[in-house]
Amino acid sequence: MYLTIVPGIFEDWKHPRYIVHLTSKNLIDWKFESQLKLASERYIDASVFQLPDGNWRMYYNNENDGKSIYYADSKDLYHWTDSGKKVVKDRGEGPKIFSWKGKNWMITDPWKGLAVFSSDDFINWKRQEQNILRIPGTGEDDKVIGGHADVIVNGDKAYVFYFTHPGRIPENKGIDNFETRRSSIQVAELEYNNGEIVCNRDKPVKINLKH
């Protein structure tokens with residue numbers, strides 16, 4: 001597990017935060033392995049992906065550089081070499097990398113729906129014009145923009161799991177309370193259309209995940 005740590009309780013975001021490496025044999029008891037040394041003292045949202053050559057790559061959000069996406073590489077998941085390279089300059093959090101329909105994808109959260117990028121080499125990423133989940137849905141707790149996502153590729157299908165803050169509707173703009181902080185997890189099926197990813201969050205989802 002690669003976990004974002006914010007060491008304390010703060011009233012704003014102007015404080016250090018970093019990623020730590022934890023391991024477990026039973027997914028309950030976790031052992032601290034290390035604090036990663038990456039491009040700045042404020043980095044969050046690790047997304048680890050195995051490259052075609054068998055090595056591992058971690059994409060993360062470098063908050064000190066406009067919340068852009070950087071990456072680090074590892075051969076063993078314990079020792080990481082930071083690239084010091086910005087691969088996505090656009091502001092965005094929670095990068096998620098996956099391969100689907102013969103292409104490599106990255107989804108990030110710029111808080112305007114989810115941005116979608118594609119790449120042939122995992123370094124040069126091209127952003128598609130339209131964000132997904134930018135238009136509120138009609139389901140319960142789904143009437144706002146979609147936030148940080150994970151994607152599960154299941155055979156030839158792909159499903160996006162994302163969160164919403166159901167209380168963050170126009171009537172509650174500027175209000176900070178339980179209802180505007182409350183989170184809800186949603187799922188929708190992704191579709192591949194003319195080289196891009198689209199998502200109709202209001203379509204019923206039939207899902208049977210394989211082990």
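Tryptophan 30 is partly exposed in this predicted model, with a relative accessible area of 33%. Tryptophan 30 sits in the loop that runs between β2 (18-23) and β3 (31-35). Together with Met1, Leu3 and Leu27, Trp30 makes up a nonpolar patch on the surface. The accessible area of the four residues together comes to about 390 Å².

Moving from the surface to the strands, β12, β13, β14 and β15 make an open sheet of four strands, in the order β12-β13-β14-β15. The pairing in this sheet is antiparallel. At its edges are β12 (149-154) and β15 (196-199), each of which pairs on one side only. From one strand to the next, the twist averages 35°. Within the sheet, strand β13 (residues 157-164) and strand β14 (residues 184-193) run antiparallel and are joined by six bridges. Valine 160 is a handy marker here, as it stands opposite alanine 188 in β14.

Valine 160 also turns up in the interior. The largest nonpolar core has 17 residues, and Val160 is listed with Phe98, Ile132, Leu190 and Ile197 as having the most contacts inside it. Which elements give two or more residues to this core? They are β8, β9, β12, β13, β14 and β15. The largest share, three residues, comes from β13. For residues in this core, buried means under 20% relative accessible area.

A second antiparallel pairing involves strand β6 (residues 68-74) and strand β7 (residues 81-88), with four bridges between them. Isoleucine 69 has valine 88 in β7 as its bridge partner. The two strands form a hairpin with six residues between them. Leucine 77 is found in the loop between β6 and β7, and has a positive phi of about 75° although it is not a glycine. As for its surroundings, leucine 77 is partly exposed, at a relative accessible area of 24%.

Lysine 101 is another residue with a positive phi that is not a glycine; here the angle is about 55°. Lysine 101 belongs to the loop between β8 (93-100) and β9 (103-109). With a relative accessible area of 40%, lysine 101 is partly exposed.

Now to the charged pairs. Side chains of opposite charge can pair when their charged atoms come close. Across the whole structure, a search finds 14 salt bridges. One of the pairs is glutamate 93 with lysine 67, whose closest N and O atoms are 2.7 Å apart. Glutamate 93 lies in strand β8, while lysine 67 is in the loop between β5 (56-62) and β6, so this salt bridge ties together parts that are 26 residues apart in sequence. Are the two partners buried or exposed? Glutamate 93 counts as buried because its relative accessibility is 14%, under the 20% limit. Lysine 67, at 13%, counts as buried too. This pair is not on its own, either: Lys67 and Glu93 are linked with Arg17 and Glu63 in a network of salt bridges.

Back in the four-stranded sheet, glutamate 189 forms a salt bridge with lysine 157, and their closest N and O atoms are 3.2 Å apart. This pair links distant parts of the chain, with glutamate 189 in strand β14 and lysine 157 in strand β13, 32 residues apart. Glutamate 189 counts as partly exposed, at 23% relative accessibility. Its partner, lysine 157, is partly exposed as well, with a relative accessible area of 35%.

Strand β14 holds another charged residue, glutamate 191, which pairs with lysine 203 in a salt bridge. Here the closest N and O atoms are 3.5 Å apart. Since lysine 203 lies in the segment after β15 and glutamate 191 in β14, the pair ties together parts that are twelve residues apart in sequence. Glutamate 191 counts as partly exposed at 31% relative accessibility, and lysine 203 counts as partly exposed at 43%.

Definitions and conventions: Residues numbered from 1 in each chain as written. Predicted model: local features only at pLDDT ≥ 70, side-chain atom pairs only at ≥ 80, totals over all residues. Heavy atoms only, no water. Pairing = 2+ DSSP bridges. Axes fitted to C-alpha atoms, helices over the stretch in contact; angles between N-to-C directions. Patch = residues over 30% accessible without salt bridge, like charges linked within 9 Å, V, L, I, M, F, W, Y side chains within 5 Å. Areas by Shrake-Rupley, 256 points an atom, 1.4 Å probe, with all protein chains shown as cover. Salt bridge = Lys/Arg side-chain N within 4 Å of Asp/Glu carboxyl O. Buried < 20%, exposed > 50% of the residue type's maximum accessible area, 1.4 Å probe, protein only. Core = buried A, V, L, I, M, F, W, Y, C linked by side-chain atoms within 4.5 Å.
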